[in-house]
2 protein chains.
Amino acid sequence: MKLFIPGPTQVAPEILAEMSRPAIGHRTEECARLWKECRDGLRQLMATEGEILMITGPASAMMEAAIRNTVADRSLHLVCGAFSKRWFDIALSCGKDAVALELPLGQGFRGEEVREALQSGVDAGRPFEAVTLVHNETSTGVTSPLEEIGAVVAKFPNTLLLVDTVSSMAGMPVMVDAWGVDVCLFGIQKAMALPAGLAIASVSTAALERAETVPHRGWFLDFIKLRDRNRREQSPTTPSTAHLYALAAQLCRIFEEGLETRWERHAAMARQTREWAAGHGWTPFPEEGFLSDTVSCLARGEGPDFVPALDTLKEQGILVSNGYGELKGKTFRIGHMGEHTSADLDDLFERFDAALGAEVREA
Amino acid sequence: MKLFIPGPTQVAPEILAEMSRPAIGHRTEECARLWKECRDGLRQLMATEGEILMITGPASAMMEAAIRNTVADRSLHLVCGAFSKRWFDIALSCGKDAVALELPLGQGFRGEEVREALQSGVDAGRPFEAVTLVHNETSTGVTSPLEEIGAVVAKFPNTLLLVDTVSSMAGMPVMVDAWGVDVCLFGIQKAMALPAGLAIASVSTAALERAETVPHRGWFLDFIKLRDRNRREQSPTTPSTAHLYALAAQLCRIFEEGLETRWERHAAMARQTREWAAGHGWTPFPEEGFLSDTVSCLARGEGPDFVPALDTLKEQGILVSNGYGELKGKTFRIGHMGEHTSADLDDLFERFDAALGAEVREA
């Protein structure tokens, strides 16, 4: 199978090979060196001096961690798709007084909307302890302007900014410290191009100080416990060392390519995808100015039905995603991230066009 | 490195190779088949008709899940070592009214002690909603009689039995349904002989019914959410498909060997280890009748200091564990589980003896 879904995505053969290394003891010096190597690389990738936490688990677990550790009572959730909605649900499931600010699908958040919502909490005498944002909504291909939103949240000193960069990290610019992100989390199976299995977060000093005051944080996802073990370059529990080997190797590959080059490669693939789509009458689903560089969500508009072509491609071993949830059949999504190149897209579009053509001929 | 530590342990080369398979989409039929294959095999391994839950993460996360899902208020924790103590700490971190029944290190629990503790809760008008037991305490090499304890807990209909079989599952008999275990959990890097990264639990109908009544279970570790997605043979989040491939293949290997043969192999290695140790004047640290088949914890007693030999072996690429925590220097632990054979132990003991001899000659 060749994956053009918005994650998991293709993994380089030499990185897959890292997954097969013999197990090592997680309390050995060898493992501590590997742990440190990963954390050092991640700090560079994320442009942060914050604490780098790693858990074996999905990014959703880290979303829950961010809530459990920074919110004792009340949180604001910027919701514009399935994954930002999930964060709101997670906060509710943890018993928080969670408030959702919801936009229609396809729209993204601007700083001004966030400012108004945060100010309303202050005016009501119940300021939000944290606000959650999904930088790149994988379900709709919407990227919200993180730098602009970060500047707004910085004006509310008691509100921490929690950001999910699951499908943007390593594919688009994310400047954690410069943009004022207190918790920046992601999985590794999207633009990082690794097999799924680790979740990562950077945590600011303010977020760690907050965590120390929040009761009942639980055990597995406790930021304080994770930070304390980091001082010995260890995990409190047995990590997937296979994934640590793969992560260390992939970070080297990413830095060899160069971060800016990598971002530009993704942006170019996004342009290429939109040009091809426009030729079929398919238009970007997100509103203008919010288009993702890593996943293109395309609306049918006046164009032909794409669903039979998706099925044909699947028979050829090529996966492209139908729309998410209620957008199924109305949109489809092409993940162009991680290891993908412009040449991969040329090949995909050629096959896609052939599938569409066969469809037309059969009709 | 060759690992004779009590986990992670050696992994067969053909299982390591499974870890390098290309990533697959976690919402595909291919992944659903793999998910089902794992769950079916696990049900057979665990001798249960209960719900089989799998998460990407460490077993400690599943320990937390067991608490969050079955205890609204009050739990009893049978503590006789570091890992049973961890479960008590986890319950406290979740804000539960957790009570520990603690034994000196080296001792294990009998049914009668458990009966008295549970009855005291009933007599006080505050019965325990659940009791936690670590079947095989990896830190002390103590195995408590699970069948006997299960029979006792069965007499307390409102108390669920939660059991950690991290270092016993697939190495020693565990009959989940016959022995009345409501939640049976383990990681895969011990007697299962897989790379660390998945945690597994069987959950009884009674435990699922309880979960539905417990508020604020959270999201990632919610039994109900995991069960509901199981119906589609999926995980709510992106799983480590590398580990699923490895697990499915290793379950086949385990059944090819035969469960009873596998258990007997472990019991025989435990006897072999004790005989060798006795020749040096080292005695089992656990009290008589509580000796583990998968990890031998040996006390120095009248025997020679073993610490320099552990260091020598480490230089040769062979890891044997020093005692855990306060038992360091007083005990050491040999993990004889998973892929290990009697011949592996012969080799280990020969090298160990040589290291001891060199030590004596140097002195």
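Start where the two chains of this predicted model meet. Select the contact between them: 44 residues come from chain B and 44 residues from chain A. Now colour chain B by element and pick out α1 (13–18), α3 (59–70), α4 (82–93) and α9 (241–257), the elements that each give two or more residues to the side touching chain A. Recolour that side of chain B by class, and you'll see 23 nonpolar, 17 polar and four charged residues.

Next, try laying chain B on chain A. A turn of 180 degrees with a shift of 0.0 Å along the axis does it, at an RMSD of 0.0 Å. That's how a two-fold axis relates its copies. The same surface is used by both copies, with 100% of the contact residues of chain B recurring in chain A. To find the axis from chain B, click G57(B): its C-alpha comes closest of that chain's residues, at 2.4 Å.

Now hide chain B and split chain A into domain 1 (13–256) and domain 2 (259–362), as the domain assignment has it. Their C-alpha centres sit 28 Å apart. Where do they touch? Look for 24 residues of domain 1 in contact with 21 residues of domain 2. On the domain 1 side, the mix is 10 nonpolar, 13 polar and one charged.

Last stop, with both chains back on: the largest nonpolar core, which has 238 residues. Select V131(A), L185(A), V131(B) and L185(B), the members that touch the most others. Then zoom in on L185(B). Leaving aside residues up to four places away in sequence, it touches A59(B), M62(B), M63(B), A66(B), D164(B), T165(B), A199(B), I200(B) and A201(B).

Conventions. Residues numbered from 1 in each chain as written. Chains lettered and ligands numbered in written order. Predicted model: local features only at pLDDT ≥ 70, side-chain atom pairs only at ≥ 80, totals over all residues. Core = buried A, V, L, I, M, F, W, Y, C linked by C-beta atoms within 7 Å. Buried ≥ 20, exposed ≤ 12 C-beta atoms within 10 Å, placed from the backbone. Contact = placed C-beta atoms within 7 Å. Least-squares fit on C-alpha atoms with pLDDT ≥ 70 in both. Helix = DSSP H or I, 4+ residues; strand = E, 2+ residues; numbered from the N terminus. Nonpolar A, V, L, I, M, F, W, Y, C, P; charged D, E, K, R; others polar. Domains from an automatic or database assignment.
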